[in-house]
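Colleague: Before I plan anything at the bench, I would like a careful, close reading of a single part of this model. Please choose one patch of the surface and follow it outward into the rest of the chain, explaining the reasoning as you go.

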Amino acid sequence: MAIGERIHFFRTMRGMTQKYLGMLLGFPEKSADVRLAQYETGTRTPKEDLTNQIANALDVSPQALTVPNIESYMGLMHTLFAMEDLYGLKIGELDGEVCLRLDKDKAETYFSMVQMFLAWQKQAEKLKNEEITKEEYDKWRYHYPDFDTSGHWHKISPSQELSDKLIKNLKKK
């Protein structure tokens with residue numbers, strides 16, 4: 001997830017305009033909104049000191065803005081927080097244990113994530129039942145979705161894609 005997307009998310013959540021946030025950061029009034037737009041669109045990437053200033057102005061951790069390092073517990077936590085924001089991941093309790101679940105109210109996201117999780121679950125079950133080796137399982141995981149056979153993420157051939165676009169355009173007329 002790009003830092004610009006996170007800046008945009010938190011800025012809009014706080015009800016700030018690009019110009020307002022830019023001016024809080026000390027950019028000149030005339031170019032404050034343009035400068036912020038460059039960061040949000042990824043045209044420019046803020047350096048660490050500016051990232052810290054932006055985080056402070058948005059009242060969030062700098063890790064909440066950057067692509068978290070999941071090799072640390074803090075980075076992993078901020079990744080999960082971002083997944084809550086973007087994909088509706090929810091934390092709760094099930095049978096006395098902490099669990100993570102998807103929010104069904106985010107229909108499109110829910111459907112896509114469930115499809116991916118079901119494909120993952122199928123491969124994990126194959127590994128558990130010794131239908132595939134650990135190496136085959138790892139190959140599937142580390143190359144996902146290239147080796148996914150669930151059909152959810154397969155690429156459509158150009159001729160099919162063109163055909164679909166033509167049909168869609170004809171239906172509009």
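Modeller: Helices here are DSSP runs of type H or I with at least four residues, strands are DSSP runs of type E with at least two, and both are numbered from the N terminus. Please keep in mind throughout that this is a predicted model. With that definition, Leu 100 falls within strand S2, which covers residues 97-102, and Ile 91 belongs to strand S1, which covers residues 89-94.

The patch to look at is a nonpolar one of about 340 Å², to which Ile 91, Val 98 and Leu 100 contribute. Ile 91 is classed as exposed because its relative accessibility is 62%, and the cut-off for that class is over 50%. Leu 100 has a relative accessibility of 48%, so it is classed as partly exposed. Although Leu 100 and Lys 90 are 10 residues apart along the chain, their C-alpha atoms are separated by 5.6 Å. Leaving aside residues up to four places away in sequence, Leu 100 is in contact with Leu 80, Leu 89, Lys 90 and Ile 91, so a contact here joins two members of the patch, given that contact means heavy atoms within 4.5 Å.

To place these strands in the whole, the protein chain has nine helices and two strands, and in sequence order they run α-α-α-α-α-α-β-β-α-α-α. Of the 173 residues in the chain, 24% are buried. The accessible surface of the chain is about 12,600 Å², with 55% of that area belonging to carbon and sulfur atoms. Among the contacts in the chain with a separation of 6 or more, 34% are between residues 24 or more positions apart.

For a view of buried rather than surface residues, turn to helix H4 (residues 48-58), whose buried residues are Leu 50, Thr 51, Ile 54, Ala 55 and Leu 58. These residues lie on the same side of H4, because the arc they cover around the axis is only 140 degrees. The general background is that an α-helix has 3.6 residues a turn, so residues three or four places apart point the same way. The buried residues of H4 pack against helix H1 (3-13), helix H2 (18-24), helix H3 (32-41) and helix H5 (62-65), whereas Asp 49 and Asn 56 are exposed on the other side of H4.

Just after H4 comes Asp 59, which sits in the loop between H4 and H5. Its phi is near 60 degrees, a positive value in a residue other than glycine, and Asp 59 counts as exposed because its relative accessible area is 62%. Glu 130, in the loop between H7 and helix H8 (134-142), likewise has a phi near 60 degrees, positive in a residue other than glycine. With a relative accessible area of 70%, Glu 130 is exposed.

Helix H7 (residues 107-128) also holds Gln 123, which is buried because its relative accessibility is 7%, the cut-off for that class being under 20%. Setting aside residues up to four places away in sequence, Gln 123 touches Ile 132, Tyr 137 and Trp 140.

Key:
Residues are numbered from 1 along each chain as its sequence is written. This is a predicted model: local features need pLDDT of at least 70, side-chain atom pairs count only at pLDDT 80 or more; totals for chains, interfaces and linings use all residues. Side-chain values use heavy atoms; hydrogens and water are left out. Patches are made of residues with over 30% relative accessible area and no salt bridge: like charges are joined within 9 Å, nonpolar side chains (Val, Leu, Ile, Met, Phe, Trp, Tyr) within 5 Å. Accessible areas come from the Shrake-Rupley method with a 1.4 Å probe; for residues, only the protein chains shown count as cover. A salt bridge is a side-chain nitrogen of Lys or Arg within 4 Å of a carboxyl oxygen of Asp or Glu. Buried means under 20% relative accessible area, exposed over 50%, partly exposed in between (1.4 Å probe, protein chains only). The arc is that of the directions from the helix axis to the C-beta atoms.
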